[in-house]
Amino acid sequence: MKQDISNRREFNRSKSNRRGFVLMMAVVLVGLIGLGIAGIAQVCRIDMVRTRARAQDAQLRELLLAGADVAIARLANGSAVDGMITLPDDLTAQGAKIVLHAQAAAGADAKEVTIEASFSMHQLSQDLHFVRSQGAWQLNSAELGS
Amino acid sequence: MINGRSTRRFRRGYSLMELLIALGLIMIVMNSAGDLYRAVVNSGRDQGNLSNRASRIDTAVNVMRRDAWGCSRIAVTDGKSAQLSLPDGDVLTWRIDADGNLSRTNAAGAHQEWSDIGRDWTFARDGVALTISNGDYHGITAIRMTSQMLLAEGVR
């Protein structure tokens, strides 16, 4: 009888030990898989943020190019350069905005135009320097801001 | 009730075959766990390298984009170097060497370099823009950098 109980205890103990080993292995493997998934998720998140930022930057640069086009046309017409540019509704709905600021540079034949573009809570600007040559305004330099 | 027959079910030890099978299973599991561990460690290291490289590429491309934006002339010679002439007379030379290092040198000789980011890159001119194609993408233009100066010249 005593022998029998002792055997049963030993069996239960060994069964419990085996369960402990399997549980430990399972926890370690699940932990490793979890670390791997967390790493991949982190890379995906960084890539997503970077891609979105690049897309917004590209859109802002397009707005700046459009702003420069308008500024050149306004200078050529002799109309006031300052002011906001009217954009298509779908762009406006996404928070797109282009504002032109003109100021006289050194001399009457020079003008500096700052173009500020906004899109989806992000902003980018550029400075254009114009000089008047033979009665026409010509772009002398362009600097992409921040 | 526990009788003599039932006690035979509780054995004192394991047979050699059982031990060998258990050992084999443990080895298979440990081997898989080892592979998994190595994959996780390597992916962590690769993630760091990729992040670092992406940061260097972003910085270099940002500088190049500003140069291209304000340049009044783009000259691409052999696909591995491009010269951007600024209105103030400065000439910026962007070059990719055989090791993939990207460098920027101005007329005065000031030199900047970003290591190991452009091994498969190729410069080209596309109208009013300087483009970079990447061999990894089978020549598809990866980055396009428009020149505001050249675009305005076209508008005039």
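Two strands are said to pair if DSSP finds at least two bridges between them, and helices (H or I, at least four residues) and strands (E, at least two) are themselves DSSP runs, numbered from the N terminus. In these terms, strand E1 of chain A is joined by 2 bridges to strand E2 (residues 97-104) of chain A, and the two run antiparallel. The structure described here is a predicted model, in which local features need pLDDT of at least 70 and side-chain atom pairs count only at pLDDT 80 or more, while totals for chains, interfaces and linings use all residues. Residues are numbered from 1 along each chain as its sequence is written, and chains are lettered from A and ligands numbered from 1 in the order in which they are written.

The model scores ipTM 0.76 and pTM 0.77. For chain B, the mean pLDDT (the predictor's confidence in each residue, from 0 to 100) is 86, and 87% of the residues of chain B reach 70 or more. Where pLDDT is low, the predicted coordinates should not be read in detail.

Chain A contains 2 helices and 5 strands, and these follow one another along the sequence in the pattern α-β-α-β-β-β-β. The strands of chain A form an open sheet of 5 strands in the order E1-E2-E3-E4-E5, with antiparallel pairing; its edge strands, which each pair on one side only, are E1 (83-84) and E5 (136-144). Strands of a sheet pair through backbone hydrogen bonds, either parallel or antiparallel. Where E1(A) meets E2(A), Gly83(A) stands opposite Leu100(A). Further into the order, E2(A) and E3(A) pair in the antiparallel sense over 8 bridges, and one bridge places Ala102(A) with its partner Val113(A) in E3(A). These two strands, E2(A) and E3(A), form a hairpin with 5 residues between them, and Gly107(A) in the turn has a positive phi of about 90°. Strand E3 (residues 110-119) of chain A is in turn joined by 10 bridges to strand E4 (residues 122-133) of chain A, again in an antiparallel arrangement, with Phe119(A) opposite His122(A) in E4(A).

A residue is taken as buried if 20 or more other C-beta atoms lie within 10 Å of its own, as exposed if 12 or fewer do, and as partly exposed in between, with C-beta atoms placed from the backbone. By this count, 18% of the 146 residues of chain A are buried. The largest nonpolar core (a set of buried Ala, Val, Leu, Ile, Met, Phe, Trp, Tyr and Cys residues joined through C-beta atoms within 7 Å) has 44 residues, and those with the most contacts inside it are Ala68(A), Ala71(A), Ile115(A) and Leu128(A). Helix H1 (residues 2-77) of chain A gives the most to this core, with 8 residues. Two residues are in contact if their C-beta atoms, placed from the backbone, lie within 7 Å; when residues up to four places away in sequence are not counted, Ala71(A) touches Val81(A), Leu100(A), Val113(A), Ile115(A) and Leu128(A). In soluble globular proteins, nonpolar side chains tend to be buried together. Among the contacts in chain A with a separation of 6 or more, 37% are between residues 24 or more positions apart.

Chain B contains 2 helices and 8 strands, arranged along the sequence as α-β-β-β-β-β-β-β-β-α. Of its 156 residues, 20% count as buried, and residues 24 or more positions apart account for 33% of the contacts in chain B with a separation of 6 or more. The 55 residues of H1(B) should span 81 Å at 1.5 Å a residue (the expected span being 1.5 Å times one less than the number of residues), and the end C-alpha atoms of H1(B) are 80 Å apart, which agrees. The buried residues of H1(B) are Val61(B), Met64(B), Asp67(B), Ala68(B), Trp69(B) and Gly70(B).

Arg144(B) lies in strand E8 (residues 141-146) of chain B and counts as partly exposed because it has 16 C-beta neighbours inside 10 Å. Apart from neighbours within four places in sequence, Arg144(B) is in contact with Asp126(B), Ala129(B) and Thr131(B).

The contact between the chains takes 25 residues from chain B and 27 residues from chain A. On the side of chain B that touches chain A, helix H1 (16-70) and helix H2 (148-155) of chain B each supply at least two residues, and the largest share, 15 residues, comes from H1(B).
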